[in-house]
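Hi everyone, thanks for coming. I'd like to walk you through one model today, so let me put the sequence and the structure up on the screen.

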Amino acid sequence: MHPNRATLSPKSIGQGLAAVNSLSVVVPAFNESAHLSECLDALLEQREHIREIIVVDNNSTDDTAAIVLDRRRRFPMIELVAESERGVVHARNTGFDNAVGSIIGRIDADTHVGAGWAKSVLDFFDRRLDYAAVTGPIHLYDSPWVVPYRAFVNYTTKRKPDELRVSAASGNNFAIRRSAWQAVRDRVSLRTDLHEDIDLSLCLHRVGLQIARIKSMCVEVSGRRLLTPPLEYRHYVLSSYRTWAHHDLVGNPLRRLLIMDMVLHTLHWPLTRMLSTCDSRILPVSHNDTSVTADQHLSVIRNDEFATASGK
């Protein structure tokens, strides 16, 4: 059993912690040499507020490890950890387990954290002891839809409170208390055909811990997911369905949302492919997983109990 497993509660999640929080940032990476340098450089610009940066190399065959080691020679706060078992969930778990900060940030290797990102995370957790995790707005770069997408995100964000409780957070812009991670470490699924970030979010809710979305925690991510061929993208959407079904939370609203997602992706994909200058991204989930994951620790959460990550 991990420490605090039996006693952790929403009211006590922030109690008993050090007066000053410290931030570890975990970056899972598989063949990310094209994007990792800019990701690390953006984090290093905020190193005053970051204790360590942990890159987890998940069997890369390109220069991912070399890029990390090159940065480490100049910045010892960067660590390279290897995880041989393929899958984002395994890389994430290894990174989280190796983190020493009281707060663990989690971004993708193509994420560019915005100005003040790290300080915003620390300030939030110092101030809001009742929250276990936090996320923020996500913009695009290297995509033909950068401008309209940013306008849409800014418009929807402006109409919402500065702080909003949400049901799930995206792994490309996420931070969690280490004590909260320890509380759900044995509950998260190891299936590689699920979305590990949604699964983690729902496991937090299972034990009564809350996630917030704050406007000041902004990042930019690559638009390469939009280049995924429609038939391949279908597997990505089905993984979303499987993840919610794993937690007994599938309903008609979710089905309609996922179908709409697939239809919209299919419609814009030909034009996106013509206008884009970046390459498509390898899916972060497998098409299927026959591994057995114990479900007896998971209970039903009502579909309407929490707002969605988009605030809908």
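Let me start with a cysteine: Cys203 counts as buried, at 0% relative accessibility. Before I go on, please keep in mind that what you see is a predicted model. A second cysteine, Cys39, is buried as well, with a relative accessible area of 1%. And how many disulfides does the count come to? Zero, taking a pair of cysteine sulfur atoms within 2.5 Å as the rule.

Now, where does Cys203 sit? It is among the buried residues of helix α7, which spans residues 196-206. That helix is mostly covered, with 10 of its 11 residues buried. Have a look at which ones they are: Glu196, Asp197, Ile198, Asp199, Leu200, Ser201, Leu202, Cys203, Leu204 and His205. After α7 comes Gly208, and its phi is positive, near 85 degrees.

Let me step back to the whole protein for a moment. It has 312 residues, and 52% of them count as buried. In terms of secondary structure, you are looking at nine helices and 11 strands. If you take the contacts with a separation of 6 or more, 86% of them come from residues 24 or more positions apart.

Next, helix packing, and I have two pairs for you. As a reminder, two packed helices are described by the angle between their axes and the distance between the axes.

The first pair is α1, residues 36-44, with α2, residues 64-74. Their axes are 10 Å apart, and the packing angle is about 25 degrees. Angles under 35 degrees count as roughly parallel, and α1 and α2 are therefore roughly parallel to each other. As for handedness, α1 passes α2 in a right-handed crossing. On the α1 side, the contact is made by Leu36, Ser37, Leu40, Asp41 and Leu44, and on the α2 side by Thr64, Ile67, Val68 and Arg71. Sort the residues of this contact by character and you get five nonpolar, two polar and two charged.

I'd like to stay with one residue of that contact, Arg71, which has its place in helix α2. Is Arg71 buried or exposed? Arg71 is buried, with a relative accessible area of 11%, and the cut-off for buried is under 20%. Which residues is Arg71 in contact with, once we leave aside its neighbours within four places in sequence? They are Ser37, Leu40, Asp41, Leu44 and Ile78. Ser37 lies 34 residues from Arg71 along the chain, and their C-alpha atoms are separated by 8.5 Å.

On to the second pair, α8, residues 230-246, and α9, residues 252-275. Here the angle is about 165 degrees, and the axes are 10 Å apart. That makes α8 roughly antiparallel to α9. The crossing of α8 and α9 is right-handed. From α8, the residues making the contact are Pro230, Tyr233, Arg234, Val237, Ser240, Tyr241 and Trp244. From α9, they are Leu254, Arg255, Leu258, Asp261, Met262, His265, Thr266 and Trp269. By character, the contact of α8 with α9 divides into nine nonpolar, three polar and three charged residues.

Between those two helices there is a loop, and Asp248 is found in it. What I'd like you to notice is its backbone. Most residues other than glycine have a negative phi. Asp248 is not a glycine, and yet its phi is positive, at about 55 degrees. With a relative accessible area of 48%, Asp248 is partly exposed.

Asn31 is another case to look at: its phi is positive, about 50 degrees, although it is not a glycine. You will find Asn31 in the loop between β1, residues 23-29, and α1. Asn31 counts as partly exposed, at 26% relative accessibility.

One more residue before I hand over to you: Lys119, whose place is in helix α4, residues 117-127. Lys119 is partly exposed, with a relative accessible area of 40%. How far apart in space are Lys119 and Ile50, C-alpha to C-alpha? They are 8.6 Å apart, with their positions 69 residues apart in sequence counted as the separation.

That's my tour, thanks for listening, and I'm happy to go back to any part of the model.

Notes. Residues numbered from 1 in each chain as written. Predicted model: local features only at pLDDT ≥ 70, side-chain atom pairs only at ≥ 80, totals over all residues. Heavy atoms only, no water. Axes fitted to C-alpha atoms, helices over the stretch in contact; angles between N-to-C directions. Helix = DSSP H or I, 4+ residues; strand = E, 2+ residues; numbered from the N terminus. Parallel < 35°, antiparallel > 145°, perpendicular 65-115°, else oblique. Left-handed = near helix turned anticlockwise from the far one by under 90°. Contact = heavy atoms within 4.5 Å. Nonpolar A, V, L, I, M, F, W, Y, C, P; charged D, E, K, R; others polar. Buried < 20%, exposed > 50% of the residue type's maximum accessible area, 1.4 Å probe, protein only.
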